[in-house]
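Reader: I am new to helix packing. Please take me through the reasoning.

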Amino acid sequence: LYKLLGGKVQDKIRAYANTAGYPQDPESVAREASKLVEEGYTAIKWGVAYGPAAGITGMKRNIETVRILRETVGPDVLLMIDAWSSWDMDYTLQIAKRLEKYDLAFIEEPVMADFLSSYSYLNSKCAIPIAGGEHEYTRWGFKQMLDVDACSFYQPDPAWSGGVSECLKIVDLVSAYDRKALLHNSIPPLGIHISCSFPFNVIPLAEYLVLVGDASQYFYKNKCRPSQGYFSLPAEPGIGVEIDETKIVSQKYLSYENN
């Protein structure tokens, strides 16, 4: 596929570990983050568990999670957090100020996807860059985001935002606004083909959902995973997806008449 898209511009691309589903208690955070670094990851995104309803206690717990992460992985690992669209503008500004010293690369989806004015304000005022866009669709939706400078990092999903052709147009549009794209990578091999067909200064990282990645590729003969912190391009034809038919189990369903 990358050849049809114009050829590879990057031979490999740095992976960042999306830890959706990982635990939140301090001991587990430190342990699991250490494992990811040992596996070769140099970029990690962690979902934080608490929002405005949890008050200052929840905010302190979020900050403690980030502190443990930074102390565990050291200063050279890229660190990002995902707020799951569960914060509001005031909360984001407050916590970002307190998190600034931990050198986060971005805060993902701090508010609901449709609150473009809030995204725009946060991206201009927040101490930490803002990322979002996985719940936006087509080039027209992304143009609305770009026109108000909603994010520093835009995250279209090739499978959700309109397919490969539409995703290419979205990334071109992002680059025309001198912003960066980081694809939401629900189908890893598809995202890698697209990402490697753009230069580093347009798409510098590729997401891998560590717990979800294998499950989403259960039926693939060859799973697309990062090795030592980097994705390589799939070598197989097309997208690189071949179905493992041994994983398919036939099931006979009895009709009501037979019962």
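Author: Start with one term: contact means heavy atoms within 4.5 Å. Note also that this model is predicted. By that cut-off, M89, T92 and L93 in α3 meet S118, Y121, L122 and K125 in α4. The residues of this contact divide into four nonpolar, two polar and one charged.

Reader: What makes K125 the charged kind of residue?

Author: K125 is a lysine in α4. Lys counts as charged, along with Asp, Glu and Arg.

Reader: How do you describe two packed helices?

Author: By the angle between their axes and the distance between the axes. Helix α3 spans residues 89-99, and helix α4 spans residues 116-125. They pack at an angle of about 15°, with axes 10 Å apart.

Reader: Why is α3 called roughly parallel to α4?

Author: Angles under 35 degrees count as roughly parallel. The angle here is about 15°. Therefore α3 is roughly parallel to α4. Their crossing is right-handed.

Reader: Why are α2 and α3 called oblique to each other?

Author: Helix α2 covers residues 55-73. The axes of α2 and α3 come within 10 Å and cross at roughly 40°. The roughly parallel class needs an angle under 35 degrees, and the roughly perpendicular class runs from 65 to 115. The angle of roughly 40° fits neither, so α2 and α3 are oblique to each other.

Reader: Which residues make that contact?

Author: From α2 come G58, M59, N62, I63 and V66. From α3 come Y91, Q94, I95, R98 and L99. They divide into six nonpolar, three polar and one charged. This crossing is right-handed.

Terms used: Residues are numbered from 1 along each chain as its sequence is written. This is a predicted model: local features need pLDDT of at least 70, side-chain atom pairs count only at pLDDT 80 or more; totals for chains, interfaces and linings use all residues. Side-chain values use heavy atoms; hydrogens and water are left out. Axes are lines fitted to C-alpha atoms, for helices over the stretch in contact, and angles run from 0 to 180 degrees between N-to-C directions. Helices (H or I, at least four residues) and strands (E, at least two) are DSSP runs, numbered from the N terminus. Angles under 35 degrees count as roughly parallel, over 145 as roughly antiparallel, 65 to 115 as roughly perpendicular and the rest as oblique. A crossing is left-handed if the near helix is turned anticlockwise from the far one by less than a right angle, and right-handed if clockwise.
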